[in-house]
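Biologist: Could you take one helix of this model and go through it closely, with the cut-offs behind each term, and then turn to the ligand?

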Amino acid sequence: MRLIDGKTISEAIKKEIAAEVASMIDKGKRAPHMAAILVGNDGASETYVASKEKNCRSVGMTSSLYRYDAGISEKELLDAISFLNQDDDVDGFIVQLPLPKHMDVDKVIRAIDPEKDIDGFHPVNMGCLVLGEDTFVPATPYGIMELLERAGIETSGKKCVVLGRSNIVGTPMALLMSRNNPHANATVTICHSKTADLAAEARMADILVAAIGKPGFVTADMVKEGAVVVDVGIHRVEDKTRQNGFRLVGDVDFDQVAPKCSAITPVPGGVGPMTIAALLMNTMKAYRKHISAR
Ligand code: NAP
């Protein structure tokens, strides 16, 4: 069994991005600029946004954080988005999800200029993804595709089973895997909560992607001998042996499943760091387009 090391691969990507940023600055261009909107004080969202900002700065990009109280109106948030859409110094931005319940998430996402939608959630970018056109791909599936390619995992002609059909992970993951491209070309099945026999479907997978949102959901009996397993899940579970009182686990029961796999992504250190690297790749893409359009 081989561990697919997302941390090391994401570091290599960040080095490449940092070199490109440095060379643009040497040529007299400004640094790429990513902005983030954070509404409220959700602990996980705070952590994600802080990590995105830190990683941006580590590759020489500019990052700005726009913080709003959980009580702001939807109109105020839409105004903030409109401001960033028009700010020529900002190449791309994200609105950190989840949003407070009084906001219409679809309306908020639709308000983002698709050219600055580095999360790739806008329907225009999702549509381009379906059509196989060049677009901003949602960071988690984009990061997974990059991870598999750089780790030398063969996907062409393989049977891939994706557990989960969310708009941000499962569905784009399935689309990317089935693309006509030497680093995709898989035959894909998507499973969800109404799948009749999910374990039987999963057992057919050469490549199993678990994006279910339930700790330890994938057990050894659901995995074919020699399969490649990609664990997207990320959960904090209580662990009194740790100083901080918790540890991170995925959607896969790692200890049980890993011995059956030819390769598997760990949690932490697998998909998580690749998601951040993919967001930086999307920011570079927005920047290149923006700079060349001037
Ligand atoms: P989500 O929106 O909650 O979607 C979960 C999907 O799993 C849904 O399609 C749901 O089916 C399906 N599902 C849930 N329980 C099931 C069950 N018992 N049997 C079969 N299908 C079931 O979650 P998400 O946003 O895609 O995220 C999935 C996981 O990835 C979460 O743990 C999340 O924290 C993690 N994540 C990690 C990263 C990272 O960077 N590492 C990034 C994003 C997400 P229905 O559609 O039928 O309801």
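Modeller: What follows looks at helix α6 and then at the ligand. This is a predicted model, in which local features need pLDDT of at least 70 and side-chain atom pairs count only at pLDDT 80 or more, while totals for chains, interfaces and linings use all residues. Residues are numbered from 1 along each chain as its sequence is written, and side-chain values use heavy atoms, with hydrogens and water left out.

Helix α6 covers residues 139–150, where helices are DSSP runs of H or I with at least four residues and strands are runs of E with at least two, numbered from the N terminus. Its end C-alpha atoms are 16 Å apart, which agrees with the 16 Å expected for 12 residues at 1.5 Å a residue, the expected span being 1.5 Å times one less than the number of residues. Because nine of the 12 residues are buried, α6 is largely enclosed by the rest of the structure; buried means under 20% relative accessible area (1.4 Å probe, protein chains only). Among these buried residues are Pro141, Ile144, Met145 and Leu148, and the buried set packs against α1, α7, β7, β8 and α10, with contact meaning heavy atoms within 4.5 Å. Just after α6, Gly152 takes a positive phi of about 75°.

As for the ligand, α10 gives the most to the shell around it, with three residues. An oxygen atom of the ligand is 2.5 Å from an N or O atom in the side chain of Ser166, and a ligand nitrogen atom is 3.3 Å from a polar backbone atom of Val232.

Notes
Buried < 20%, exposed > 50% of the residue type's maximum accessible area, 1.4 Å probe, protein only. Near = heavy atom within 4 Å. Polar contact = N/O pair within 3.5 Å; in protein donor to acceptor, adjacent residues only side chain to side chain.
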